[in-house]
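Reader: Hi! Could you walk me through this one before I set anything up?
Author: Happy to, here it is.

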Amino acid sequence: MDIPKGSKKSDLVYKNTPQRDLMLTFLPPTEKKYEKSPVYFIIPGGGWHNETRQSMIDFSATSVEALRKEGFAVVSIDYRVCGEGVVMREIITDCFDAARYISHFADILGVDKNCFVLSGHSAGAHLALMMFYAPKACFMGEYDFKDDFSVKAVAAMSAPAMLYDNNTNNLRDICDAFIGCDTIEERKQMSPMSYVSELCTPTFLCAGTSDYLVFSKSSERLYENLQECNVSCELKLSVGGGHSFEKMHKDIVPSIEMEELQRMITSFILQYAENEK
């Protein structure tokens, strides 16, 4: 496990596991606007089978660079995946532990452990929502650091919100993540929808109506439940957009494409850091 040497771009080992050392990339703000920088914490997708932290930096390049100019530090993480013999609970715990690492070294990194904002795409969106909604104590493990952190908002793109409901996704390989603990009850414990309450804080959801992997109804149903609990939330549907908001039909241009979506996410996130300046 690495100890950061300061608030500069770094690739750091945040956790040692039997499978491999898990790393994160830390990108400092390009403009100094806060005494302690808020943290834009982004989680890559890949169906819980593949992930690279650089892929999420590239995927979210527009919001990453815009928020760095607004004084945010950016953290993108690795986590273990199904092919390495871990189950969903361990994958989620890795994500919590990456945030605990950043919180533990917050003073060295110059960041505000009380102002995290999360984002993820697909499996990464599921993990971001779980970090935002689920009790931290349920995903503690044997990690070296127990430091707390606070999340102000989350932006979830193409999120699988109900891992127990096959009518909301076409993720045929999802069962791999539940080997040894594959009951409906276990899937509910690993599903963001199960933790929706009036205690949830601001959530931005976006989905493509022509996403044939994670259906838009997953985000729509989560949005409806959040509204019923009077949680501040937004839902943006890209009509004709695919899983990554790409063009899916010859004659239909998605109503929201990736660049516009990233600008929306940036604006949403900035609303919830203003009172931290």
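Author: What follows is a chat about some strands, helices, cysteines and aromatic rings. One thing to say early is that this is a predicted model.

Reader: Good to know. Let's start at the beginning of the chain: how many bridges join strand 1 to strand 2, and which way do they run?
Author: Six bridges join the two, and strands 1 and 2 run antiparallel. Strand 1 covers residues 10-16 and strand 2 covers residues 21-27. The link between them is a hairpin of four residues.

Reader: Which residue in strand 2 is the bridge partner of V13?
Author: That would be M23.

Reader: And is strand 1 mostly covered or open?
Author: Mostly covered: five of its seven residues are buried.

Reader: Cool. Switching to helices, how far does helix 3 reach?
Author: Helix 3 takes in residues 88-104, and its 17 residues reach 24 Å from the first C-alpha to the last. That is close to the 24 Å expected at 1.5 Å a residue. Helix 3 is mostly covered too, with 14 of its 17 residues buried.

Reader: Next, cysteines. How many disulfides does the count come to?
Author: Zero. A disulfide is a covalent bond between the sulfur atoms of two cysteines. The cut-off used here is 2.5 Å between the sulfurs.

Reader: Why is there no bond for C95?
Author: Because the closest cysteine sulfur, in C82, is 12 Å from the sulfur of C95, too far for a bond. C95 is also buried, at a relative accessible area of 0%.

Reader: What about C200, how far is its sulfur from the closest one?
Author: It is 7.0 Å from the sulfur of C229, so that is again too far for a bond. C200 counts as buried, with 11% relative accessibility.

Reader: OK, aromatics now. How many aromatic pairs are there in the whole structure?
Author: A search finds twelve. Take F116 and F149: their ring centres are 5.3 Å apart and their planes sit at 40°, so the pair is tilted. It links distant parts of the chain, as F116 is in strand 5 (residues 111-121) and F149 is in the loop between helix 5 and strand 6, 33 residues apart.

Reader: Are those two buried or exposed?
Author: Both F116 and F149 are buried. They also belong to a cluster linked by ring pairs, together with F41, F96 and F139.

Reader: Which charged residue lies over the face of F149?
Author: K136 does, at 4.9 Å from the ring centre. Elsewhere, the charged end of K188 sits over the ring of Y164, 5.6 Å from its centre.

Reader: Nice. Where is F132, and what does it touch beyond its sequence neighbours?
Author: F132 is in helix 5, residues 123-133. Leaving aside residues within four places in sequence, its contacts include L118, V151, K152 and T201. F132 counts as buried, at 12% relative accessibility.

Reader: Last one: where is F245 found?
Author: F245 is in the loop between strand 8 and helix 8. At 3% relative accessibility, F245 counts as buried. Not counting residues up to four places away, F245 touches several others, among them M157, C206, S238, P254 and L261.

Reader: And how far apart are F245 and D211 in sequence and in space?
Author: They are 34 residues apart in sequence and 8.0 Å apart in space, C-alpha to C-alpha.

Reader: Great, thanks!

Key. Residues are numbered from 1 along each chain as its sequence is written. This is a predicted model: local features need pLDDT of at least 70, side-chain atom pairs count only at pLDDT 80 or more; totals for chains, interfaces and linings use all residues. Side-chain values use heavy atoms; hydrogens and water are left out. The expected span of a helix is 1.5 Å times one less than its number of residues. Buried means under 20% relative accessible area, exposed over 50%, partly exposed in between (1.4 Å probe, protein chains only). Contact means heavy atoms within 4.5 Å. Rings of Phe, Tyr and Trp (its six-membered ring) pair if their centres lie within 6.5 Å; planes under 30 degrees apart count as stacked, over 60 as edge-to-face and the rest as tilted. A charge sits over a ring if NZ of Lys or CZ of Arg is within 6 Å of the ring centre and within 35 degrees of the ring normal. Two strands pair if DSSP finds at least two bridges between them.
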